[in-house]
Amino acid sequence: MNEKIESLKARFKEKMASVNQKEALEQLRVSFMGKKGEFTALLKDMKDMQEGVRKQFGQLVNCAKMDFERAILEKAREIEAAEIAKKTESEWVDITWPEEPLQGSAHPLSIVRAELEDLFTSLGFDIMDGPEMEEEYFNFNALNIPEDHPARDSQDTFWLKNGKLLRSQTSPVQIRGMLAKKPPIKFVSPGKTYRNEAVDASHEHSFHQCEGLVIDKGITVSHLVFTLQQIISSIFGEEVEIRLRPSFFPFVEPGFELDFKCRICKGKGCSVCKQTGWIEYLGCGMVHPQVLKNCGIDPEIYSGFAFGGGIERLAMMKYGIDDIRHFHGGDLRFLKQF
Ligand code: PHE
């Protein structure tokens, strides 16, 4: 009789060892303890036993039954603990995460660009877009920069396999604008530009410019000076002095470099303005008659001014940013300040 109990125990132990799910445990329970289970079968033998033997057998069976029940209960707890552990691993919640969703903010370059667009449109300028992947003709030739011109060296850029290039300046939009519109023409074109440049604190291979073009009858340098003085003062929120220095760009004549009074030292001279009191800011000038002709505009009737300046430079001055590489660095500590 005892052997029967022992073999039952052995089978139970063996089956129990491979159980690790609730359903399998329940099946095991039913197959041993259920109405038609192994214990019931065992008890059937009892009625033919002698009084003393039956009593002893009964006790053994009861003991075994209690052991099985305890083992099943323990296994159930084990399975539940494992399930909870698995859930906490896969469904954990970071209670330190801020309740409010993180709010993004506009990039400083987007802020300055939007401000420029607002200011120029308030002066009656249209906004025009141009392709970043540009034709050599628009980026250079039509702007009086033929293939062998030394001005191409300072505007070395990325040439593409399809024969096009990444525009080195926004000036090609001048050409596109003059070909697309009839005078009077008055637009700005902010956007991305590229140069094959060694990157340092003030040079990037990808940057932004804002081009401007005005063509009409009787346009002079005074219009240029007035417009840029207004815009630069508005950007900085107070009257800013500007000056023009003669400079050379093949597509303007005369050409100028525009400086504004250093915002840091107010003109006394400091390290930012290299002790000159002035910040070199943008290239500008009167549109070259040949460029007008290239676009089918008669230079005897029309004249115009053009300018093109870096948006990074302006943002750096406005916000006191000392390294151009911050703009594309993606550091949230920098970006969150705007
Ligand atoms: N495109 C010139 C540059 O990138 C700037 C410029 C624009 C000069 C328009 C004159 C007129 O340096």
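Where is the place of Asn144? Select Asn144: its place is in the loop between helix H6 (136–139) and helix H7 (151–154). Keep in mind that this is a predicted model. Check the backbone: Asn144 has a positive phi of about 70 degrees, although it is not a glycine. Most residues other than glycine have a negative phi, and most peptide bonds are trans.

**Stop 1: two cis bonds**

Go to Pro183 and Pro184. The peptide bond from Pro183 to Pro184 is cis, with omega near 0 degrees. Pro184 sits in the loop between helix H8 (172–180) and S4.

Now jump to Glu253 and Pro254. The bond from Glu253 to Pro254 is also cis, and here omega is near -5 degrees. Pro254 is not in a loop of this kind: Pro254 lies in strand S7.

**Stop 2: the sheet**

Switch to a cartoon view and colour the strands. How many strands form the open sheet? There are 7, and their order is S1-S4-S5-S9-S8-S7-S6. The pairing is mixed. Strands of a sheet pair through backbone hydrogen bonds, either parallel or antiparallel.

Follow the order to its two ends. Strand S1 (126–127) and S6 stand at the edges. Each has a single partner strand, so one side of each is left without a neighbour in the sheet.

Start at the S6 edge. Select 242–247 for S6 and 252–261 for S7. These two strands pair in the antiparallel sense over 6 bridges. A hairpin joins S6 to S7 through 4 residues. For a landmark, pick Arg243; its bridge partner in S7 is Asp259.

Next, select S4, residues 185–194, together with S5. This pair is antiparallel too, over 10 bridges. Click Ile185 and look across to S5: the bridge partner is Ile215.

**Stop 3: the ligand**

Show the ligand and the residues around it. Which residues come nearest? Of the 15 residues around the ligand, they are Gln169, Ser171, Arg195, Gln209 and Gly308.

Put distance labels on three side chains:

- Gln169: a polar side-chain atom lies 2.7 Å from a nitrogen atom of the ligand.
- Ser171: a polar side-chain atom lies 2.9 Å from a nitrogen atom of the ligand.
- Gln209: an N or O atom in the side chain is 3.0 Å from an oxygen atom of the ligand.

Turn on a surface. The ligand has 330 Å² of accessible area on its own, and the protein covers 92% of that area. Which elements give two or more residues to the shell? They are strand S5 (206–216), strand S8 (278–287) and strand S9 (303–310). S9 gives the most, with 3 residues.

Colour the shell by residue class. It divides into 6 nonpolar, 7 polar and 2 charged residues.

**Stop 4: the cavity**

Hide the ligand and turn to the interior. The structure holds 1 cavity of 30 Å³ or more. The volume of the largest cavity is about 100 Å³. Of the 14 residues that line this cavity, select the closest to its centre: Leu116, Ile231, Tyr281, Leu282 and Leu314.

Which elements each supply at least two residues of the lining? Show helix H5 (108–122), helix H9 (221–236), S8, S9 and helix H11 (311–319). H9 gives the most to this lining, with 4 residues. S8 and S9 are on the list here, and both also give residues to the shell around the ligand.

Colour by class again. The cavity lining divides into 12 nonpolar and 2 polar residues, with no charged ones.

**Stop 5: the second largest pocket**

Finish at the second largest pocket. Its volume is about 180 Å³. Select the lining in two blocks. One block is Leu102, Gln103, Gly104 and Ser105. The other is Leu332, Leu335, Lys336 and Phe338. By class, this lining divides into 4 nonpolar, 3 polar and 1 charged.

Notes. Residues numbered from 1 in each chain as written. Predicted model: local features only at pLDDT ≥ 70, side-chain atom pairs only at ≥ 80, totals over all residues. Heavy atoms only, no water. Near = heavy atom within 4 Å. Polar contact = N/O pair within 3.5 Å; in protein donor to acceptor, adjacent residues only side chain to side chain. Areas by Shrake-Rupley, 256 points an atom, 1.4 Å probe, with all protein chains shown as cover. Nonpolar A, V, L, I, M, F, W, Y, C, P; charged D, E, K, R; others polar. 1 Å grid on protein atoms, 1.4 Å probe; cavity = no way out; pocket = protein on both sides within 12 Å on 5 of 7 lines; lining within 4 Å. Points joined across faces, edges and corners; volume = space filled by probe spheres on them. Pairing = 2+ DSSP bridges.
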